[in-house]
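Biologist: Let us go through this structure together, one question at a time. Please explain how each answer is reached before giving it.

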Amino acid sequence: MTTAKQVDADSRATIKGIICDILEIDPDEMTDTSRFKEDHEADSMGAIEILSQLERAFGIDIDQAELARMVNLDGVVTVVGEAMTAKASQ
């Protein structure tokens, strides 16, 4: 059992949409484990923009230190789920 809030399918789709818009890639090109930097040529500014958009979209706070874990869709979903859990417990 995980302590992080499970991200539902709609939220996961929203996360993927945000990432694809910022990285300017087709959603079909992104898998759950494709790496943003290595597979999609993302840069650090793109990562910061993704973090910022996710915070706005979900009303959460994500520490910039979490960027190290946000290397693919699965990683981002995990970080967002944890941030949603933290917000809910406040």
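Modeller: Please keep in mind that this is a predicted model. A suitable place to begin is a polar contact, which joins the side chains of Ser34 and His40 at 2.8 Å.

Biologist: Is Ser34 buried or exposed?

Modeller: Ser34 lies in the loop between α1 and α2. A residue is called buried when its relative accessible area is under 20%. Because the relative accessibility of Ser34 is 8%, this residue counts as buried.

Biologist: Which residues is Ser34 in contact with, leaving aside its neighbours within four places in sequence?

Modeller: His40, the partner in the polar contact of 2.8 Å with the side chain of Ser34, is among them. Leaving aside neighbours within four places in sequence, the full list for Ser34 is Glu29, Asp39, His40, Val71, Asn72 and Leu73.

Biologist: Asn72 appears in that list. Which backbone nitrogen lies 2.8 Å from a polar atom of the side chain of Asn72?

Modeller: Asn72 is found in the loop between α3 and α4, and it is buried, with a relative accessible area of 12%. Not counting residues up to four places away in sequence, Asn72 touches Asp32, Thr33, Ser34, Arg35 and Phe36. The backbone nitrogen that lies 2.8 Å from a polar atom of the Asn72 side chain belongs to Gly75.

Biologist: Which element gives the largest share of the largest nonpolar core?

Modeller: This core has 25 residues, and Ile15, Ile19, Leu54, Ile62, Met70, Val76 and Val80 touch the most other members. Two or more residues come from each of α1 (9-23), α3 (44-58) and α4 (73-88). The largest share, 7 residues, comes from α4.

Biologist: Which residues is Ile62 in contact with, leaving aside its neighbours within four places in sequence?

Modeller: Ile62 is one of the core residues that touch the most other members, and Leu54, Met70 and Val80 are also among these. Leaving aside neighbours within four places in sequence, Ile62 is in contact with Leu51, Leu54, Glu55, Met70, Val79, Val80 and Ala83.

Biologist: How far apart are the C-alpha atoms of Ile50 and Cys20?

Modeller: Ile50 has its place in helix α3 and is buried, with a relative accessible area of 4%. Outside its neighbours within four places in sequence, Ile50 is in contact with Ile19, Ile22, Leu23 and Met70. Ile50 and Cys20 are 30 residues apart along the chain, and their C-alpha atoms are separated by 9.5 Å.

Biologist: What is the volume of the largest pocket?

Modeller: The largest pocket is lined by 13 residues, of which Phe36, Lys37, Ala47, Met70 and Val71 lie nearest its centre. The elements that give two or more residues to this lining are α2 (36-40) and α3. By class, the lining has 8 nonpolar, 1 polar and 4 charged residues. The volume of the largest pocket is about 200 Å³.

Biologist: What is the phi of Glu24, and where does this residue lie?

Modeller: Most residues other than glycine have a negative phi. Glu24 lies in the loop between α1 and α2, and at 73% relative accessibility it counts as exposed. Its phi is positive, near 55 degrees.

Biologist: What is the phi of Glu41?

Modeller: Glu41 is found in the loop between α2 and α3. At 75% relative accessibility, Glu41 counts as exposed. Its phi is a positive value in a residue other than glycine, near 55 degrees.

Definitions and conventions
Residues numbered from 1 in each chain as written. Predicted model: local features only at pLDDT ≥ 70, side-chain atom pairs only at ≥ 80, totals over all residues. Heavy atoms only, no water. Core = buried A, V, L, I, M, F, W, Y, C linked by side-chain atoms within 4.5 Å. Buried < 20%, exposed > 50% of the residue type's maximum accessible area, 1.4 Å probe, protein only. Helix = DSSP H or I, 4+ residues; strand = E, 2+ residues; numbered from the N terminus. Contact = heavy atoms within 4.5 Å. 1 Å grid on protein atoms, 1.4 Å probe; cavity = no way out; pocket = protein on both sides within 12 Å on 5 of 7 lines; lining within 4 Å. Points joined across faces, edges and corners; volume = space filled by probe spheres on them. Nonpolar A, V, L, I, M, F, W, Y, C, P; charged D, E, K, R; others polar. Polar contact = N/O pair within 3.5 Å; in protein donor to acceptor, adjacent residues only side chain to side chain.
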